[in-house]
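The following exercises concern one protein chain and are meant to be worked through with the structure in view. Each task is followed by a solution in steps.

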Amino acid sequence: MRDFRLLGILALLNLAWAPVNFAVVQARESFGTGAIIALRWPLFALGLWVLFAFFGRRESGPTGPEANPQPGAPPLRDARAAAPGRPLFVMPSGILRLQALAIGFFLVGPAHALYTLGISGSSSSETAILNLTSPLFMACLAGVILRERVGPQRWLAILLSGLGAYWVSIGFRPPTLDGAHTAGNVTYLFGVLAESLAMILAMRIIRRSSGLGTLVWEVTGAGLATLILPQLLPGVLPLSVGAVTPLAVLSIAYLVLVAGVFCFSVWYIKAERAPITWMMLTLALQAPISAFIGWRFNGEHLGLNVLAGLALILVALTVATTHRPSPQAEQE
């Protein structure tokens, strides 16, 4: 029952997360792509620091021998979570804090810049195909870096969810990649890989401190990167601002407060206890939700492929949920 409750929480989270691309499109009516990322991520970081000021406590994560549990030991976060009076934020210790900052600066911030560059040289259907590689990257990286076991049942769930998301995004036809879009597609794919690697590396810090503590420093690094990158690449990440409309301002507010502070915070809190490869499966739910948004607001066609894809995604989540070992059991 606990697994299905967590699945429900993650499903609602993806419902709130799904309109991200729609919001970016609306924001681009008033702001250049560089201005969007330069507003979104620094304001996101500021929001987390405000959250920390109200709900956090300056308690650092462990250092010394206890910071490196032996193989087979339960994740340290789980072992300390039951302590009475535990704060919502447990900040990573010195070196882990720098690692979280570096993950944001060198991976998360650039990943979203790569997404922006890739989209401009590709198509929505091709980028949808490339997004489907994220769970595969995550599963492989989790096995190598986190030593998280990805058994046959979860591999099956990953493949089924990917196929379902593919049906929703592309339909039942085979994939096609335009040769003229090669540069854009490669750029976008590097963004997917960078963000996947960022999440896996962040998991090592989350399990030794806390999800929110790790997120604060990671997003701070991403905010710094997204302030610098438009200065270095003004031609492709313009900081231009046109006539500012209420809808564009509302879109930026959504990207910062809902898609940013709320969704990322809940995701990182849940990542403290759930296997990341299991959580990644729920991201496939964003495909049918986005399809519905496109139908409702952009007049896009909502065909049988969307219903079939959603059904297959639900089957995949059921397959994964009926047998999901705890993180303790998944460690070597």
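**Exercise 1. Classify Glu148 as buried or exposed, then identify its salt-bridge partners.**

Solution. The model is a predicted one.

Step 1. Glu148 has a relative accessibility of 3%. Buried means under 20% relative accessible area, so Glu148 counts as buried.

Step 2. One partner is Arg154, whose side chain meets that of Glu148 in a salt bridge of 3.6 Å, N to O. Arg154 is buried as well, because its relative accessible area is 7%.

Step 3. Another partner is Arg207, and here the closest N and O atoms are 3.3 Å apart. This pair links distant parts of the chain: Arg207 is in the loop between α9 (182-206) and α10 (211-232), while Glu148 is in the loop between α7 (134-146) and α8 (152-170), 59 residues apart. Both Arg207 and Glu148 are buried.

Step 4. Through shared partners, the salt bridges join Glu148, Arg154 and Arg207 into one network. A search of the whole structure finds 2 salt bridges.

**Exercise 2. Compare the span of helix α11 with its expected span, and state where α11 bends.**

Solution.

Step 1. Helix α11 covers residues 246-270, which gives 25 residues.

Step 2. The expected span is 1.5 Å times one less than the number of residues, so α11 should span 36 Å.

Step 3. The end C-alpha atoms of α11 are 34 Å apart, which agrees with the expectation.

Step 4. Helix α11 bends by about 35° at Tyr254.

**Exercise 3. Describe helix α3: its length, its buried residues and its nonpolar surface patch.**

Solution.

Step 1. Helix α3 comprises residues 33-55. Its 23 residues reach 33 Å from first C-alpha to last, close to the 33 Å expected.

Step 2. Among the buried residues of α3 are Ile37, Trp41, Phe44, Ala45, Leu48 and Phe52. An α-helix has 3.6 residues a turn, so residues three or four places apart point the same way.

Step 3. The buried residues of α3 pack against α2 (20-27), α5 (94-120), α10 and α11.

Step 4. A nonpolar patch on the surface is formed by Leu43, Leu46, Val50, Phe54 and Phe55, with about 530 Å² of accessible area together. Leu43 lies in α3 and counts as partly exposed, because its relative accessibility is 37%.

**Exercise 4. Contrast the surroundings of Ser161 with those of Leu307.**

Solution.

Step 1. Ser161 has its place in helix α8, and Leu307 in helix α14 (residues 304-321).

Step 2. Ser161 is buried, because its relative accessible area is 2%. Leu307 is exposed, because its relative accessible area is 58%.

Step 3. Leaving aside neighbours within four places in sequence, Ser161 is in contact with Leu281, Ala284, Ile313 and Ala316.

Step 4. Leu307 and Trp167 are 140 residues apart in sequence, yet their C-alpha atoms are 9.0 Å apart in space.

**Exercise 5. How many helices and strands does the chain have, and what percentage of its residues count as buried?**

Solution.

Step 1. The chain comes to 15 helices and 0 strands.

Step 2. Of its 332 residues, 51% count as buried.

Step 3. Among contacts with a separation of 6 or more, residues 24 or more positions apart account for 88%.

Step 4. The chain exposes about 15,100 Å², of which carbon and sulfur atoms supply 69%.

Notes
Residues are numbered from 1 along each chain as its sequence is written. This is a predicted model: local features need pLDDT of at least 70, side-chain atom pairs count only at pLDDT 80 or more; totals for chains, interfaces and linings use all residues. Side-chain values use heavy atoms; hydrogens and water are left out. Helices (H or I, at least four residues) and strands (E, at least two) are DSSP runs, numbered from the N terminus. Buried means under 20% relative accessible area, exposed over 50%, partly exposed in between (1.4 Å probe, protein chains only). The bend at a residue is the angle between axes fitted to the seven residues ending there and the seven starting there. Patches are made of residues with over 30% relative accessible area and no salt bridge: like charges are joined within 9 Å, nonpolar side chains (Val, Leu, Ile, Met, Phe, Trp, Tyr) within 5 Å. Accessible areas come from the Shrake-Rupley method with a 1.4 Å probe; for residues, only the protein chains shown count as cover. A salt bridge is a side-chain nitrogen of Lys or Arg within 4 Å of a carboxyl oxygen of Asp or Glu. Contact means heavy atoms within 4.5 Å.
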